[in-house]
Amino acid sequence: AVFVEMKGIKRVVNGYEGGTEADANYEDVCSKATDHVEVVLVDFDPTVISTREVLEVFFATHDPTTPNRQGNDRGPQYRSAVFYTTEEQKALAEDIMAEQVPDLYGAKAVTELAPHTTFYAAEAYHQDYYRKVGDRNSYCSFVISPKVGKFRKRFSHLRREVA
């Protein structure tokens with residue numbers, strides 16, 4: 001939901017990555033049998049928004065200091081992770097984790113950094129979920145809406161209008 005509102009973002013796809021099995025779907029990932037993590041694939045225009053800005057928003061809008069947890073969601077599928085496609089992306093993530101995360105959260109990041117391998121798109125009902133259900137869903141109301149609000153307040157200069 002946050003990345004959809006950013007200038008320069010061309011596409012956001014919910015999915016799974018980083019596991020040990022040759023395929024991934026919601027049921028298997030939630031069973032913890034595949035070791036995949038729930039992720040979003042963010043395709044952006046680097047002439048409009050930088051990799052650093054995308055990563056700064058990522059680290060500021062979720063808690064990268066709690067292992068295997070995001071809010072009330074617990075398990076390895078909820079670990080903080082960056083799957084990079086270039087060494088530059090990895091270096092930028094390391095810099096932000098070292099320089100900004102401790103100031104934001106009072107703790108070190110535990111975010112997994114790993115090379116991008118295979119991304120599996122999540123089921124259709126997971127795509128653009130926040131736009132579809134918004135605050136009518138309690139999870140969105142209590143977890144996603146505050147993240148979107150944080151983005152809008154802190155990163156208003158990176159926001160685009162969303163229809």
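Which residue in strand 2 is the bridge partner of valine 13? In this predicted model, that spot goes to leucine 41. The pairing belongs to a longer run of contacts: strand 1 (residues 9–17) and strand 2 (residues 37–44) are antiparallel, with eight bridges joining them.

Strand 1 also pairs with strand 7 (residues 120–121), again in an antiparallel fashion, this time through two bridges. Here glycine 15 sits opposite alanine 121 of strand 7. Put together, the three strands make an open sheet in the order 2-1-7, with antiparallel pairing. Strand 2 and strand 7 take the edges with a single partner strand each, so one side of each has no neighbour in the sheet. As a general point, strands of a sheet are held in pairs by backbone hydrogen bonds, whether parallel or antiparallel.

Turning to the helices, helix 2 (residues 51–60) and helix 3 (residues 87–99) have axes that come within 10 Å and cross at roughly 45°. Angles under 35 degrees would count as roughly parallel, and 65 to 115 as roughly perpendicular; the two helices are therefore oblique to each other. Their crossing is right-handed. On the helix 2 side, the contact is built from Thr51, Arg52, Leu55, Glu56 and Phe59, while helix 3 brings in Gln89, Leu92, Ala93, Asp95, Ile96 and Met97. Sorted by character, the residues of this contact come out as six nonpolar, three charged and two polar.

Methods. Residues numbered from 1 in each chain as written. Predicted model: local features only at pLDDT ≥ 70, side-chain atom pairs only at ≥ 80, totals over all residues. Heavy atoms only, no water. Pairing = 2+ DSSP bridges. Helix = DSSP H or I, 4+ residues; strand = E, 2+ residues; numbered from the N terminus. Axes fitted to C-alpha atoms, helices over the stretch in contact; angles between N-to-C directions. Parallel < 35°, antiparallel > 145°, perpendicular 65-115°, else oblique. Left-handed = near helix turned anticlockwise from the far one by under 90°. Contact = heavy atoms within 4.5 Å. Nonpolar A, V, L, I, M, F, W, Y, C, P; charged D, E, K, R; others polar.
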